[in-house]
Amino acid sequence: MGSDAEMFPLVQTLIESRETVLPRCLVEPGPSPDQIESLLALAAAAPDHGKLTPWRFILVPTAQRHRLAEAFARALTDRDPQATPAQISQAGEKAYRAPLLMVAVACLGPRKPDTPPLERMVSMGAAIQNILLGAHAMGFAAGLTGGRAMNSPRMQRLLGLAEGEVPVCCINIGTATARRPRSAPRPLPSALLSELPDEASARAGA
Ligand SMILES: Cc1cc2nc3c(=O)[nH]c(=O)nc-3n(C[C@H](O)[C@H](O)[C@H](O)COP(=O)(O)O)c2cc1C
């Protein structure tokens, strides 16, 4: 492995060039089984306070996508009985788009040690980002999709989740046919950091 100084420009280029590609713009090929295993190994390198691995991924193979489509469609009609046939079919179609679709599940139930749920979610976000970056480095494109269907009991049932397990988003990976223009620049580093004021300034501001 090169020195940190050699590695930084590569990592910077990789991270800064990653972008969301919507599932409707993802086609075959997607990652092979070996590549999926490599991506999961990257997820396993995420920081994880308490070593709980408080997240897991459920692959939805092509042959099972119709079941996910049904859950998406029914989740919509459960919350909006007035949904039009076009809206219902659009909800279901989301299940069929990307060559690889995995549902990211957070494990927030009682565990020992009882790492707080927010910390577990941070670990999950890091694991997902490792997967996105790994897929990008392999030449694939990817996008996350969430939405209210994730909170539907139908999704819980479809995925066979245990108590305390929560579906968070779908990870969609494939080959990009198109990329959307970036709608907004990324935040400036200066907007991301503030400094704790000294006590006198804090008292004056209070
Ligand atoms: C948990 C999660 C769920 C997301 N769900 C959606 C979604 O349903 N639809 C969508 O267009 N983008 C979704 N995104 C992607 C963001 O819109 C995207 O990351 C953001 O616009 C920044 O763009 P970039 O990833 O290209 O930098 C999701 C992102 C996260 C972290």
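Guide: Let's start with a term: a helix axis here is a line fitted to C-alpha atoms over the stretch in contact, and angles between axes run from 0 to 180 degrees between N-to-C directions. Keep in mind that this is a predicted model.

Visitor: Okay, so how do I describe two packed helices?

Guide: You use the angle between their axes and the distance between the axes. Take helix 2 (residues 33-43) and helix 5 (residues 117-137): their axes come within 7 Å and cross at roughly 140°.

Visitor: Are helix 2 and helix 5 roughly parallel, roughly antiparallel, roughly perpendicular or oblique to each other?

Guide: Only angles over 145 count as roughly antiparallel, so helix 2 and helix 5 are oblique to each other. Their crossing is right-handed.

Visitor: Which residues make the contact?

Guide: Helix 2 brings in Ser-38, Leu-39, Leu-42 and Ala-43, while helix 5 offers Ala-127, Asn-130, Ile-131, Gly-134 and Ala-135. Sort the residues of this contact and you get six nonpolar, three polar and no charged.

Visitor: What about the ligand: which residues surround it?

Guide: Look for Glu-19, Thr-20, Leu-22, Leu-144, Thr-145, Gly-146, Gly-147 and Cys-169. That shell splits into three nonpolar, four polar and one charged.

Visitor: Now pick a single residue. Is Arg-180 buried or exposed?

Guide: For that you count neighbours, and 12 or fewer other C-beta atoms within 10 Å means exposed. Arg-180 has 11, so Arg-180 is exposed.

Visitor: And where is Arg-180 found?

Guide: Check the loop between strand 5 (165-176) and helix 7 (199-205). Arg-79 is 101 residues from Arg-180 along the chain, and their C-alpha atoms are separated by 30 Å.

Note on methods: Residues are numbered from 1 along each chain as its sequence is written. This is a predicted model: local features need pLDDT of at least 70, side-chain atom pairs count only at pLDDT 80 or more; totals for chains, interfaces and linings use all residues. A residue is near a molecule or strand if its C-beta atom, placed from the backbone, lies within 6 Å of it. Ala, Val, Leu, Ile, Met, Phe, Trp, Tyr, Cys and Pro count as nonpolar, Asp, Glu, Lys and Arg as charged, and the others, Gly among them, as polar. Helices (H or I, at least four residues) and strands (E, at least two) are DSSP runs, numbered from the N terminus. Angles under 35 degrees count as roughly parallel, over 145 as roughly antiparallel, 65 to 115 as roughly perpendicular and the rest as oblique. A crossing is left-handed if the near helix is turned anticlockwise from the far one by less than a right angle, and right-handed if clockwise. Two residues are in contact if their C-beta atoms, placed from the backbone, lie within 7 Å. A residue is buried if 20 or more other C-beta atoms lie within 10 Å of its own, exposed if 12 or fewer, and partly exposed in between; C-beta atoms are placed from the backbone.
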